[in-house]
Amino acid sequence: MEVNFHLPGLRQNFPLNMLFVGLQELRPDFFREGVRIASFFGEFPTSLWNGGRMSNFDQCDGAFVKNVVKAVNEKGIPIRYTYTNMLLNAEDLKDSYCNFCMRAADNGMNEVIVFSPLLEEYVRENYPGYKLNSSTCKEIRDIDLVNEELGKDYNLVVLDYNFNGKFEELEKIHDRGRCEILVNAVCTPDCPRRGKHYESIAKNQRILLKNRRMPPDKQIPLEGWHCEYGQNNTIYDILDYSTYISPEEIWEKYVPMGFKNFKLEGRTANSFNLVETYCHYMIKPEHQGKARIMLLNSLVTNKVITWNQMKPRKWIPEE
C-alpha cells in the first residue's frame, strides 16, 4: 500500500521538509503504514506565475534554485511548481525568472500545477518533460466535470476541498488514483470568498514584483484583503470542519476507495505549525512526541529556528 503525501514549500519550508525525509530514513518505524513523500510543491519566491498563496520574499538566486532541485530529486522526490496564477497574460509567459526555474528543473522528473489555459499551453509546448496537474483553484464542484477533467492529459487532478467527506459523490469518480485530496484546508467549508482570495493574491503578487523596481515613494499600494473565514487556522482549529480529513479516515475510508494522493496545505505556515501537521498525519500516535522533539531539535541545530539568548548579568550587592 502506498499513501502519497505532498508537502508544502520549496524555500522557507525546504529545510524542514528535508529533515522530515531524513527522519523517515532514520526511523521508518515512526511512520504510519505506506507513507510516501511524493512531492514538495510551491515556488521559488517570488514568481509571477505563482498562485494560491502569496509570498513576499526576495527572489532566490540561480544557485539556490538548482541546488534545491538537485537535493530534492536525489531523494527520488519531484518538485511541483504551483504556477496557478489565474490572471496571466501572453506577455507574462516571457517572464525570465519563471522560465529560468522551469529550465532548472526540466529533467523529466518534476511537475507543474496549472490553472491558466494560457500557461498550460505554453508549458506543454515549451517544457514537455513536465507532468501537469490540474489545480484545486479551479473550484470544480460538479463530479461530472471532475470526471471530465480526469479525462484530460493531467498527471493528477487536485479536488475541491468541499468534496471531502461526501462519499456518495466521491464514489462517482472514475479514476480515484489520479485524484489528489487536500486534507487540512484551513478555509471554512463552502468559503464564499475563496475564489476572490485567489484573485486578490494574483493581483498583489504582480504589484509586489512591480514595486521592487520602484523607489519607495512610487510604490503601488497592495489591494486590501481581510479574511474572516479562517485563513490563519492551525490543524487544531479545523478538527470540527466537515472538510477536515483525519489520519484514520485516510487509511480506513479513502485509501480503500482507491484514493492515494493527499495534499498538506501550509506553504506560508511557520515551522511549528508544520511540525504539528506532519506528525499528525504521517507519524504513528505513539511516536509523535519523540518525532516532534527530534524535528524541533534538528531545526534548532540547523539554525532554522533561533532565539535570542539571555545576556549575562553581574550581581551587585545592595549597599
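**Entry 1: Cavities**

For these notes, Ala, Val, Leu, Ile, Met, Phe, Trp, Tyr, Cys and Pro count as nonpolar, Asp, Glu, Lys and Arg as charged, and the others, Gly among them, as polar. I note at the outset that this is a predicted model.

I looked up the cavities. The search of the whole structure returned three cavities of 30 Å³ or more. For the largest cavity I recorded a volume of about 180 Å³. Its lining consists of 16 residues, and Gly52, Arg53, Thr136, Lys263 and Arg267 lie nearest the centre of the largest cavity. I then sorted the lining of the largest cavity by class and found four nonpolar, seven polar and five charged residues.

The second largest cavity holds about 90 Å³ of space. I found 13 residues lining the second largest cavity, with Gln12, Gly42, Glu43, Ser55 and Arg267 closest to its centre. By class, the lining of the second largest cavity has three nonpolar, six polar and four charged residues. I note that Arg267 is listed nearest the centre of the largest cavity and also among the residues closest to the centre of the second largest cavity.

**Entry 2: A pocket**

I turned from the cavities to the second largest pocket, which has a volume of about 200 Å³. Its lining is made of Leu48, Gln59, Glu91, Asp92, Lys94, Asp95, Arg206, Leu209, Lys210, Arg212 and Arg213. I sorted the lining of this pocket into two nonpolar, one polar and eight charged residues.

**Entry 3: Salt bridges**

Side chains of opposite charge can pair when their charged atoms come close. I searched the whole structure for such pairs and recorded 20 salt bridges.

I examined Lys75 and Glu25, which form a salt bridge with their closest N and O atoms 3.1 Å apart. This pair links distant parts of the chain, for Lys75 is in the loop between helix 2 (62–74) and strand 3 (79–83), Glu25 is in helix 1 (residues 14–26), and the two are 50 residues apart. Lys75 has a relative accessibility of 40%, so I entered Lys75 as partly exposed.

I examined Asp29 and Arg27 next; their side chains meet in a salt bridge at 2.8 Å, N to O. Both ends are partly exposed: Asp29 has a relative accessible area of 32%, and Arg27 has one of 25%.

Glu276 and Arg292 form another salt bridge, at 2.6 Å from N to O. This pair also links distant parts of the chain, with Glu276 in helix 9 (residues 271–282) and Arg292 in helix 10 (residues 288–301), 16 residues apart. Is Glu276 buried or exposed? I entered Glu276 as buried because its relative accessible area is 17%, and buried means under 20%. Arg292, at 23%, is partly exposed.

I also found a network, in which salt bridges that share partners join Arg80, Glu111 and Glu180.

**Entry 4: Arg194 and Glu139**

I looked for Arg194 and found it in helix 7 (residues 194–211). Which side chain of opposite charge is nearest to Arg194? The nearest is Glu265, 4.6 Å away, and Arg194 is buried yet has no salt bridge. The distance to Glu265 is 4.6 Å, whereas a salt bridge must lie within 4 Å, so I did not enter this pair as one. Leaving out residues up to four places away in sequence, I listed Glu139, Tyr161, Leu182 and Cys187 as the residues that Arg194 touches.

I followed one of these contacts to Glu139, which is in the loop between strand 5 (131–134) and helix 5 (143–150). Glu139 is partly exposed, with a relative accessible area of 29%. With residues up to four places away in sequence again left out, Glu139 touches Asp160, Arg194 and Gly195. I noted that Glu139 and Asp160 are 21 residues apart in sequence and 5.4 Å apart in space, C-alpha to C-alpha.

**Entry 5: The backbone**

I looked up the peptide bond between Pro45 and Thr46 and found it to be cis, with omega about -10°. Thr46 lies in the loop between strand 2 (35–42) and helix 2.

I then looked up phi for two residues. Phi of Asp190 is near 55°, a positive value in a residue other than glycine. Asp190 is in the loop between strand 7 (179–182) and helix 7 and is partly exposed, at 44% relative accessible area. Lys303, likewise not a glycine, has a positive phi near 60°. Lys303 lies in the segment after helix 10, and I entered Lys303 as exposed because its relative accessible area is 68%.

Conventions: Residues numbered from 1 in each chain as written. Predicted model: local features only at pLDDT ≥ 70, side-chain atom pairs only at ≥ 80, totals over all residues. Heavy atoms only, no water. 1 Å grid on protein atoms, 1.4 Å probe; cavity = no way out; pocket = protein on both sides within 12 Å on 5 of 7 lines; lining within 4 Å. Points joined across faces, edges and corners; volume = space filled by probe spheres on them. Helix = DSSP H or I, 4+ residues; strand = E, 2+ residues; numbered from the N terminus. Buried < 20%, exposed > 50% of the residue type's maximum accessible area, 1.4 Å probe, protein only. Lys, Arg positive; Asp, Glu negative; His and termini not counted. Contact = heavy atoms within 4.5 Å.
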